[in-house]
Amino acid sequence: MVDLDVQIPTTFDPFAEAKDSDAPGAKEYVHIRIQQRNGKKSLTTVQGLRKDFSYEKILKDLKKEFCCNGNVVQDKELGKVIQLQGDQRKNVAHFLVQAGLVKKDQVKIHGF
């Protein structure tokens with residue numbers, strides 16, 4: 001008999017190298033979103049901050065700076081998420097960059 005050299009295809013992850021390197025798409029982003037509540041009311045959510053930060057201290061400074069209420073919510077999939085009342089997307093992004101918590105290119109602002 002003739003031995004055939006047959007290769008069985010395996011799953012290939014084209015982004016496996018990018019996850020390990022410091023490529024531009026591999027960095028962790030901080031996502032700032034707005035969620036519409038009822039009527040004109042809205043919530044601003046901040047997720048993706050590093051886990052070694054104290055979320056409560058960041059929240060306290062955000063609340064004092066923007067004169068709004070907020071809280072930290074524990075989510076199963078997303079981890080800790082900061083919620084603030086009102087549309088504070090640009091304010092939060094500017095605050096996080098000014099405080100040196102994240103770089104400007106790590107912030108993603110979502111919403112209408």
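Colleague: Before we begin, how are the strands defined and numbered in this model?

Modeller: The model is a predicted one. Strands are DSSP runs of at least two residues, and their numbering starts from the N terminus.

Colleague: In which strand is Ser42 found, and is Ser42 buried or exposed?

Modeller: Ser42 belongs to strand 2, which covers residues 42–47. Beyond its sequence neighbours up to four places away, Ser42 touches residues including Ile34, Arg37, Leu84 and Asp87. Because buried means under 20% relative accessible area, and the relative accessible area of Ser42 is 11%, Ser42 is buried.

Colleague: Which side of helix 3 do Arg89, Val92, Ala93, Phe95 and Leu96 occupy, and which exposed residues does the face turned away from the buried side carry?

Modeller: Arg89, Val92, Ala93, Phe95 and Leu96 are buried in helix 3, residues 89–98. They cover an arc of only 165 degrees around the axis, so they lie on the same side of helix 3. This buried set packs against several elements, among them strand 2 and helix 2. The face turned away from the buried side carries the exposed residues Lys90, His94 and Gln98.

Colleague: How do the axes of helix 2 and helix 3 cross, and what is the handedness of the crossing?

Modeller: The axes of helix 2 and helix 3 come within 11 Å and cross at roughly 125 degrees. That angle makes helix 2 oblique to helix 3. The crossing of the two helices is right-handed.

Colleague: Which residues of helix 3 does helix 2 meet?

Modeller: From helix 2, the residues taking part are Asp61, Leu62, Glu65 and Phe66. The residues of this contact divide into four nonpolar, one polar and two charged. On the helix 3 side, the residues met are Asn91, Val92 and Phe95.

Notes
Residues numbered from 1 in each chain as written. Predicted model: local features only at pLDDT ≥ 70, side-chain atom pairs only at ≥ 80, totals over all residues. Heavy atoms only, no water. Helix = DSSP H or I, 4+ residues; strand = E, 2+ residues; numbered from the N terminus. Buried < 20%, exposed > 50% of the residue type's maximum accessible area, 1.4 Å probe, protein only. Contact = heavy atoms within 4.5 Å. Arc of directions from axis to C-beta. Axes fitted to C-alpha atoms, helices over the stretch in contact; angles between N-to-C directions. Parallel < 35°, antiparallel > 145°, perpendicular 65-115°, else oblique. Left-handed = near helix turned anticlockwise from the far one by under 90°. Nonpolar A, V, L, I, M, F, W, Y, C, P; charged D, E, K, R; others polar.
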